[in-house]
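Biologist: I should like a close look at a single part of this predicted model, namely its sheet. Please take me through the strands in turn, and then through what lies against them.

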Amino acid sequence: MDCPKCAREMKELALESHLGTAVAIDVCTPCQAFWFDKYESLKLSAGSTLELMKLIGEHSTKEQLPESGILRCPRCWDPLRYTNDLQGSTHFTYFRCVSEHGRFIRFFDFLKEKKFIRALTPQEIVQLRKSLQTVNCSNCGAPVSLTAGAVCAHCGSPLSILDMKQPERMLEQLRRAAEPQPVDPHLSLKLAMAKREVEHIFGPAPDDQWWSDVSAIGLVQAGLNSIVRRLKKNDPL
Ligand SMILES: [Zn+2]
Ligand SMILES: [Zn+2]
Ligand SMILES: [Zn+2]
């Protein structure tokens with residue numbers, strides 16, 4: 001399938017849904033975006049979501065391709081509609097096919113949709129300001145002065161960070177999603193194992209590398225890098 005934005009062929013990823021079935025997702029790393037067919041994004045298992053986070057961490061770049069004109073659905077070729085959505089209090093956007101073939105979503109917005117991104121607290125901004133003067137906006141890449149405030153002057157996004165607590169909540173959602181389904185005797189065991197994995201990965205506090213990453217590439221990318229390092233070291237997936 002060709003990327004709606006740059007027309008390069010997207011890479012197809014075979015992942016697992018939380019019901020154990022296969023989910024195919026397309027990724028364009030130059031555009032930093034995924035194509036999800038209808039509802040695929042909602043079906044991802046915890047392990048698959050972590051796999052996508054790892055992919056994002058390994059392929060994120062500070063530079064972003066300029067916005068292009070009309071994006072078209074790779075299935076029906078109709079123009080995709082720019083859509084604002086809300087996950088909790090977090091705004092995120094994507095381009096969707098009005099005939100519901102699917103949607104094109106940037107890495108950063110996917111992380112927002114999965115509630116892996118949260119705004120910095122005032123205390124965290126004070127803490128960061130002690131070590132850094134500017135950080136790069138995780139939405140648009142522009143430098144944001146920490147002394148001027150907590151919002152990117154270029155795109156209006158609040159300064160954001162990868163929320164390390166979110167995997168716990170994600171697992172809770174997953175449990176709820178599994179409830180109406182027929183009872184799988186292995187499910188609670190699988191969930192317990194996934195929970196341990198997640199705690200293992202997201203447990204420790206930021207290290208020295210995190211701090212140098214924050215000043216070089218921004219808060220969200222620094223969090224992703226630390227996850228990629230831990231995933232590589234433990235290889236739990
Ligand atoms: Zn592309
Ligand atoms: Zn379509
Ligand atoms: Zn920005």
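**The open sheet and its surroundings**

Modeller: Strand 1 and strand 2 form a hairpin with 5 residues between them, and G20 in the turn has a positive phi of about 90°. The two strands are antiparallel and are joined by 6 bridges. Within this pair, L15 stands opposite V23 of strand 2.

This hairpin belongs to an open sheet of 6 strands, which follow the order 1-2-3-6-5-4 with antiparallel pairing. Strand 1 (11–16) and strand 4 are at the edges; each has a single partner strand, so one side of each is left without a neighbour in the sheet. On average, and with direction ignored, neighbouring strands of the sheet are turned by 35° against each other. As for the setting, the predicted model has 237 residues, of which 34% count as buried, and it contains 8 helices and 10 strands. Of the contacts between residues at least 6 apart in sequence, 58% join residues at least 24 apart.

From strand 2, the sheet continues to strand 3 through 3 bridges in the antiparallel sense. V27 has F34 in strand 3 as its bridge partner. These two strands also form a hairpin, with 4 residues between them, in which Q32 takes a positive phi near 55°. Q32 is not a glycine, and the general expectation is that most residues other than glycine have a negative phi. Q32 lies in the loop between strand 2 and strand 3, yet it counts as buried because it has 20 C-beta neighbours inside 10 Å. A second non-glycine residue with a positive phi is A7, at about 70°. A7 is placed in the segment before strand 1. With 12 other C-beta atoms within 10 Å, A7 is exposed, whereas Q32 is buried.

The next step in the order goes from strand 3 to strand 6, an antiparallel pair with 5 bridges. Here D37 stands opposite G102 of strand 6. On the sheet packs helix 2, which touches strand 1 and strand 2 and whose direction makes about 150° with that of strand 1. Helix 2 has 14 residues and spans 20 Å from its first C-alpha to its last, close to the 20 Å expected at 1.5 Å a residue. Its buried residues are A46, S48, T49, L50, L52, M53, I56 and G57. In an α-helix there are 3.6 residues a turn, so residues three or four places apart point the same way.

Strand 6 pairs in turn with strand 5, again antiparallel, through 2 bridges. F95 stands opposite F104 of strand 6. The hairpin of strand 5 and strand 6 has 5 residues between the strands, and E100 takes a positive phi near 60° there.

The remaining pair is that of strand 5 and strand 4 (residues 81–87), which run antiparallel and are joined by 7 bridges. Their hairpin has 2 residues between the strands, and in it G88 has a positive phi near 60°. D85 is found in strand 4 and stands opposite F92 of strand 5. Leaving aside residues up to four places away in sequence, D85 touches F92, T93 and Y94. D85 is partly exposed, with 15 other C-beta atoms within 10 Å. E113 is 28 residues from D85 in sequence, and their C-alpha atoms are 8.6 Å apart in space.

The sheet can finally be related to the nonpolar core. The largest such core has 43 residues, among which F104, L111 and V220 touch the most other members. At least two residues of this core come from each of strand 2 (22–28), strand 3 (33–37), helix 2 (46–59), strand 5 (90–96), strand 6 (102–106), helix 3 (107–113), strand 10 (160–162) and helix 8 (219–234). F104 has already appeared as the residue opposite F95. L111 touches I56, F116, I117 and V220, again not counting residues up to four places away in sequence. One of these partners, I56, is among the buried residues of helix 2, the helix that packs on the sheet.

Definitions and conventions
Residues numbered from 1 in each chain as written. Chains lettered and ligands numbered in written order. Predicted model: local features only at pLDDT ≥ 70, side-chain atom pairs only at ≥ 80, totals over all residues. Core = buried A, V, L, I, M, F, W, Y, C linked by C-beta atoms within 7 Å. Contact = placed C-beta atoms within 7 Å. Pairing = 2+ DSSP bridges. Axes fitted to C-alpha atoms, helices over the stretch in contact; angles between N-to-C directions. Expected span 1.5 Å × (residues − 1).
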